[in-house]
Structures are given as C-alpha cells and as structure tokens.
Amino acid sequence: MPMPTPPARSRMFTSLILAGLFSLGLQAPAFAADAKPEAKADAKSEIELPPLSEDKKVHQSITLNGKVLHYDATVGAIKVRDAKGKVTAEVVYTSYVVPGADAKRPVTFAFNGGPGAASVYLNLGAIGPKRVQFGDAGNVPSDSSELKDNAATWLDMSDLVFIDPVGTGFSRSLEDADKTKADFYATEPDIKYLSRVVYDWLVKNGRLRSPKFVMGESYGGYRAPRIAYHLQTQLGVGVKGLIMVSPYLDPAAIGDDTALSPLPWMINLPSMAAVQLENQHRLTPAAMQEVESYVRQQYALDLFAGRADPAAIGRLVSKVSGLTGVDAQVVGRLDGRLDIATFLREVHRADKKIGSIYDANVTAWDPFPESADRKSGDPILEALIAPTTSAMVDFITREVGWKTEARYNALSYDVNKAWDRAGTRQDKPVSDLRKAIANDPNMGVLIVHGYNDLACPYFASRLIIDQMPKMGSSPVRLSVYPGGHMFYSRDASAQAFKRDAKALYGL
C-alpha cells in the first residue's frame, strides 16, 4: 500500500507481513550491517519501553475446496541489533504455518510498502487465511471490520509470513529519532535489516531447506527484488520466486521530475484509458493492446514533436480526450498532456465526485466542488484505515492473545515523512532483479498489476520487462487484472492472481 505526499504522484513513495518465535535458547536475532557475533547480547537500548508480549500461537482452520486446512497463527517479534549487539528495534510479524508439513513446503515472506505501510493489506486483503473487505467499491470507515475466511488465500500453497517494518504495525525502534532515521528510514538499511529478519525467521523455525518466496506490494515491490538479491549474495539464502504486486520498480520513470522524458505521460495514459473502458464495459486485453500500441507509436512521436508542432498537439488532444473521457477543452489547455490530478477530478466532475489514485473508478464525494484545486484525501486510502486497523488489532490482541499497550500503525505518515529518499530516483530494483535472475535463472518472477492503478501504473512494468535481456528458461511474467492498486479486493481478480501464482509455485 503506497503512501502519498500530496499533491503530486511524483512525490509519492508508492507501495500498500507474523511467525512463531520460539524461546528455546537459540538466539539468531536480526543484526544491522556489519554486526559482530561477539557483541554482548545484554546491552541496553537507548529508549526504555514496556516489553512486548511473549510470542503467542493459536490453532485455526479454514475450508478450501471442500477440504479442511488446519494451521497455526502466530504473532511474535524478532530483535534487530547493531554491530555492538545492542537491541535497536523489534520487528513484529504474523505467520500462518500448516503444522507437520515436510521440508518441501514453501514459505512466503510478504511486505507492503509506503514507506510506512504495515503488512495488513496483503495479509487481510490478499493472501492470508482471513479477510476484511475494503477498497473495492467505495467502502467507508464505518463498514464492518469482521474477519471472514478468505477463499483466495495462498495458505494451501505456502506457509505465509507477514513482516511489518520498523515504525509500522507494532514494530518499533528503540533508538532516538535521528538514529532511527539513519538505521531504518532509508532505502539501503531498510533492505539490509529486513533481509536479516527473513533469515532469522528461517533459522528460528528450521526452514532453511524450504522453497522461499518473497512478495512485495507497491514500495514493497521496490524491496522484493533487492531483498532477494541481498539474501542470495550476502546472507546465503536462495529465493525460489518473486511476486511483485503493483510494484514501484523504477521511480525515475514514473516521476515527473524531468522536463524532457515522455515516459511519465506514456506510462499513465493506458491506465487512464482503462478507467474509461471499464466505465463503458469494454475493458478487455484486446482493447488495452490497441491503447498500448498507440502509446508506443503515434503518441510517443507526437510528444517528442513538442508544443511547437500544432498538428501534433491537435492529434494528442483529440486522441487523449477520446481515450480518457475528459473534455477536449480541458485536454486542449494542457496541450494533450493530461496529468493524474486533473484526470481524477475531471473524469467524475459531472457527478461532483473524485476518483482514487489507487483505482480511479472508486470515488468519493468532492467536499469542495467549488474549489479550483482538490482539497480532500484519497477515497480508498482514507476509507480503509479504520476497517483494516480494527480488524488487525482485534485479531492480534483478542484472537491470538498477543497483548500490547502500543498503537498499531497500518499507515504511518511519520515514517513516510522521515524517510530518506536519497537514491530512490535510480533503478536499483530493476538492476538487482536482473542480477538476481542472472545468478539464478531458475528463480521465477511474477509481476502483477490492476489496470486502473495510477499510483504504480502497469505499463511501467510492461516497458521494463520488454527491455530486460532474456536469461534462462523462467521469463519474467506480467499479469494485469481488472481493478486498481489493490486489485485483489475484487474477488474475481484475487482468484485470477492465485491461479497465476500456482504456476510460479509449480502447482
């Protein structure tokens, strides 16, 4: 789940994961970079907080395809230590494990994004055994937070471990603000300590022989290939497969921080067109292929022709207006370059509503329709906080019995604001993905998107994949489904996602 920093998507760090920690005297805590094994384990943290609950586990079951599947749901924490052995953070996780399975049963580690998002969205929205409805058709904060069995869960394919990075969920730093930002709220340390958390969970639970999969949504999609490469090359853990959900793969491509590149306009237009096609009940892969062909050819040529070419502007205005449903006069004032903020307001202006950047066909009333500028939050982002937070906290504290006095952060704006964005305008996720595949051509990769997502548009991934060299027999696969950033909130798309994942898992 991504976290927007209004008003521009270019300033948004897009994205929107817990297992048993057994006290058997075997300590394998997560360490920061360059940790020394001889460091003292009892060094005190800088901040004294009430201790977290001991790990808690409950036995549950779900009926899938007529068969009862029993599993253990565990909430626990893994300590992060610095090079001197001092505990600097505690990472809370939720896991769902089928007991008694052999060593060949896969385990999947899942991360959401933001930065500043907890793993609740993939957990209770996508692949966990329980689900709370959100984000599909204008859900509101007062909707029920009751959990129901998830017919699209992946638990019959893999054990699941949902990890909440520091500052999200109940995970917490034990350092002061400056050290917390340096050690946890930046791209490089984020990859290193989260990779170590994955390693530590595997060791603690005796799962190093299991096939391992890494899933990341949004900014979690930025994390996933980088964590896989770090696990491969630094921690000695091979990854069988990667799943990137609405990933934020190439920040430089989708941002609008350059006056020259046509890529942001090219990447955004297909998703805008998908919104209009869905409204007209004409959204099909064939229809989208036609849009993509136009974007790759005439649209790109007319953008490169520039504003000095009246004929190019005329073609852009006519075609963009027709594809998006936005009035030609509005598109004309923009010389055919329709930005996301204008699109989200204009496409629903007749209804006095505003579309969500995460799925432009999910709307909310415009509380200030007389204003020239938008003055309200996102219809999906602000509506899902209440049901997801209430459902997750109730599950952890009441069902599992893991108690805490701390606040649960489904989305932390403080983390997002503090995040050090240096280096994020680079293509490190794509570079690390290429290197990870080169190291292991048998590693499967599945990238998935929703057509209507304007936070992380699917066409960016399409172009990235087309530019990747062919390596091995497991090509990177892209699947696009009806819906938006969280397309899995739609039942049909969630089931289609699972069907595609089965091939990745060899089922």
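This section describes the overall make-up of a predicted model, two helix packings and several loop residues.

The protein chain of the predicted model contains 15 helices and 15 strands. Of the 507 residues in the protein chain, 59% are buried, and the surface that the protein chain exposes comes to about 20,700 Å², with carbon and sulfur atoms supplying 52% of that area.

Two packed helices are described by the angle between their axes and the distance between the axes. For helix 1 (120–127) and helix 11 (residues 379–400), the angle is about 90° and the axes are 10 Å apart. Helix 1 is therefore roughly perpendicular to helix 11. On the side of helix 1, the contact involves Val-120, Tyr-121, Asn-123 and Leu-124, which meet Leu-384, Ile-385, Thr-388, Ala-391 and Met-392 of helix 11. The residues of this contact comprise seven nonpolar and two polar residues, with no charged residue among them.

A second packing brings together helix 4 (residues 219–235) and helix 13 (residues 428–439), whose axes lie 8 Å apart and enclose an angle of about 40°. Because an angle of about 40° falls outside the ranges for roughly parallel (under 35 degrees), roughly perpendicular (65 to 115) and roughly antiparallel (over 145) arrangements, helix 4 and helix 13 are classed as oblique to each other. The crossing of helix 4 and helix 13 is left-handed. Helix 4 contributes Tyr-222, Pro-225, Arg-226, Tyr-229, Gln-232 and Thr-233 to the contact, and these residues meet Lys-428, Pro-429, Asp-432, Leu-433, Lys-435, Ala-436 and Asn-439 of helix 13. By residue class, the contact of helix 4 with helix 13 divides into six nonpolar, three polar and four charged residues.

Backbone geometry in the loops that adjoin these helices was also examined. In the loop between strand 5 (107–111) and helix 1, where Pro-115 is found, a cis peptide bond joins Gly-114 and Pro-115, with omega at about -5°. Ser-218, which is found in the loop between strand 10 (212–217) and helix 4, has a positive phi of about 60° although Ser-218 is not a glycine. With a relative accessible area of 0%, Ser-218 lies under the 20% limit and is therefore buried.

A positive phi, near 60°, is likewise found for His-281, again a residue other than glycine. His-281 lies in the loop between helix 6 (263–279) and helix 7 (285–305). The relative accessible area of His-281 is 76%, so that His-281 is exposed, whereas Ser-218 is buried.

Two further loop residues are buried. Phe-134 lies in the loop between strand 6 (130–131) and strand 7 (148–149), and, with a relative accessibility of 2%, Phe-134 counts as buried. Ser-144 stands ten residues from Phe-134 along the chain, and the C-alpha atoms of these two residues are separated by 9.6 Å. Ser-53, in the loop between strand 1 (30–31) and strand 2 (56–64), has a relative accessible area of 18%; because burial requires a value under 20%, Ser-53 is also assigned as buried. When neighbours within four places in sequence are left aside, Ser-53 is in contact with Trp-402 and Lys-403.

How values were computed. Residues are numbered from 1 along each chain as its sequence is written. This is a predicted model: local features need pLDDT of at least 70, side-chain atom pairs count only at pLDDT 80 or more; totals for chains, interfaces and linings use all residues. Side-chain values use heavy atoms; hydrogens and water are left out. Axes are lines fitted to C-alpha atoms, for helices over the stretch in contact, and angles run from 0 to 180 degrees between N-to-C directions. Helices (H or I, at least four residues) and strands (E, at least two) are DSSP runs, numbered from the N terminus. A crossing is left-handed if the near helix is turned anticlockwise from the far one by less than a right angle, and right-handed if clockwise. Contact means heavy atoms within 4.5 Å. Ala, Val, Leu, Ile, Met, Phe, Trp, Tyr, Cys and Pro count as nonpolar, Asp, Glu, Lys and Arg as charged, and the others, Gly among them, as polar. Buried means under 20% relative accessible area, exposed over 50%, partly exposed in between (1.4 Å probe, protein chains only). Accessible areas come from the Shrake-Rupley method with a 1.4 Å probe; for residues, only the protein chains shown count as cover.
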